[in-house]
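The following exercises invite the reader to examine a structure step by step. Each task is followed by a worked solution.

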Amino acid sequence: MADVHLLVTSEYEGMRLDAFLGAQESCPTRSACAKLIEAGSVAVNGEDCYSKKYAVSSGDRIEVDLPEIREPGAIEGQAIPLDIRYEDEYLIVLSKQRGLVCHPAHGHDSGTLANALVYHCGIDHLGTLQGEDRPGIVHRLDRDTSGLMLAAKDDDTQRALQDLIRLRTLDRRYIALCHGYIAMDSGTINTGIARSTRDRVKMAVSDDPFARQAITTFQVLERFEAHRGDEGYTLVECHLYTGRTHQIRVHMRHINHALVGDPLYGCGSVRSNLDLTRQFLHSWRVKFDHPVTGEVIERRDVLPWDLAAAYDEIADRSMGRTEAGDGIIPYLLEE
């Protein structure tokens with residue numbers, strides 16, 4: 001995915017956002033730009049903008065996430081197992097396994113969640129607002145982040161679910177094990193996030209004018225004593241109010257509590273990372289009002305075996321669970 005940064009000049013004052021983007025050499029056609037806006041791939045002054053009719057003003061800072069160009073119809077169905085937790089004619093809630101990329105991208109032309117969804121539903125029964133190469137995708141999880149996520153079977157449902165994310169009414173909760181002792185029982189991290197200027201693979205907290213606002217809240221579930229070779233650990237539940245790339249990983253590193261096992265933003269030795277080869281991050285709970293039926297949908301997901309094993313390794317070092325931990329951890333471990 002390429003980032004395009006644009007600064008609106010006076011000659012474009014009052015022009016519709018889709019028209020402005022379509023007039024830029026670095027952007028695709030106006031109709032394609034309108035779809036990018038609907039998909040949440042355009043930000044104005046650091047805030048996601050979903051209105052193609054937005055009238056741009058001189059000085060507006062606009063960022064566009066352009067997907068990689070792929071051959072039309074390149075994505076095919078593949079018989080990849082899906083752990084489905086809820087399904088009806090409109091949407092799917094599934095638990096994504098570690099190692100599964102959400103959609104085709106550079107270096108991952110096949111074997112993705114999108115390929116699995118095409119096999120399961122058929123290409124004509126998935127929403128395509130995110131693009132023809134991202135059928136059904138509503139939001140993404142990093143390749144090695146496991147847990148619950150949503151897929152949509154038509155454009156209207158996909159648009160409605162993305163609206164829930166935009167309005168911050170789709171409740172997404174994650175479990176993370178962090179390095180170090182977090183003294184406060186809860187906190188809010190509210191920063192800008194942009195692509196790192198030092199390493200284009202990474203994201204970073206940034207005050208750059210084109211950085212997008214990112215909000216993460218967390219509550220401590222359990223703390224673990226330090227031993228030789230590590231600084232102890234803190235198990236937290238994170239609540240996403242925005243969905244930036246690597247958001248939780250970047251935010252927790254920003255407050256000096258990187259996720260255990262994180263190969264990109266982590267710290268410490270293999271041993272202090274409890275021998276994990278991926279970040280200890282799991283999407284454990286989603287809750288939302290079904291956009292068609294109005295039913296409240298809530299699903300929860302236990303820790304997968306590798307994260308549960310890492311937890312078990314330090315369980316005897318527990319300094320005690322918080323009240324929130326007493327309510328959540330037994331479910332995660334099926335105690």
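**Exercise 1: Contacts and cores**

Task: Determine which residues I248 touches, leaving aside its neighbours within four places in sequence.

Solution. With contact taken as heavy atoms within 4.5 Å, the partners of I248 are Y174, T216, C238, L240, L259 and L281. The model is a predicted one, in which local features need pLDDT of at least 70 and side-chain atom pairs count only at pLDDT 80 or more, while totals for chains, interfaces and linings use all residues. Residues are numbered from 1 along each chain as its sequence is written, and side-chain values use heavy atoms, with hydrogens and water left out.

The next step is to place I248 in a nonpolar core, that is, a set of buried Ala, Val, Leu, Ile, Met, Phe, Trp, Tyr and Cys residues joined through side-chain atoms within 4.5 Å. Here buried means under 20% relative accessible area, exposed over 50%, and partly exposed in between, with a 1.4 Å probe and protein chains only. The largest nonpolar core has 31 residues, of which L113, L117, V236, I248 and M252 touch the most other members. Elements that each supply at least two residues of this core include β6 (91-96), α3 (113-121), β7 (146-152) and α5 (247-254); helices (H or I, at least four residues) and strands (E, at least two) are DSSP runs, numbered from the N terminus. The largest share, six residues, comes from α3. Another core lies apart from this one and has 20 residues, among them L221, L235, L276 and F280.

**Exercise 2: The surroundings of β7**

Task: Establish which strands pair with β7, and in what sense.

Solution. Two strands pair if DSSP finds at least two bridges between them. On this basis, β6 and β7 pair in the antiparallel sense over six bridges, and I92 stands opposite A151 in β7. The pairing of β7 with strand β13 (residues 281-289) is parallel, over two bridges; S146 has H282 in β13 as its bridge partner. Finally, seven of the seven residues of β7 are buried, so this strand is largely enclosed by the rest of the structure.

**Exercise 3: Cysteines**

Task: Explain why C178 forms no bond with the closest cysteine sulfur.

Solution. A disulfide is a pair of cysteine sulfur atoms within 2.5 Å. The sulfur of C178 lies 6.3 Å from that of C238, the closest cysteine sulfur, and this is too far for a bond. C267 is likewise in no disulfide, as the nearest cysteine sulfur, that of C178, is 10 Å away. A search of the whole structure finds zero disulfides. As for accessibility, C178 is buried at 0% relative accessible area, whereas C267 is partly exposed at 34%.

**Exercise 4: Aromatic pairs**

Task: Classify the arrangement of the rings of F224 and Y311.

Solution. Rings of Phe, Tyr and Trp (its six-membered ring) pair if their centres lie within 6.5 Å; planes under 30 degrees apart count as stacked, over 60 as edge-to-face and the rest as tilted. Three aromatic pairs are found in the whole structure. For F224 and Y311, the centres are 5.7 Å apart and the planes stand at 85 degrees, so the pair is edge-to-face. F224 lies in strand β11 and Y311 in helix α6 (residues 305-314), so the pair ties together parts that are 87 residues apart in sequence. F224 counts as buried at 2% relative accessibility, and Y311 counts as buried at 5%.
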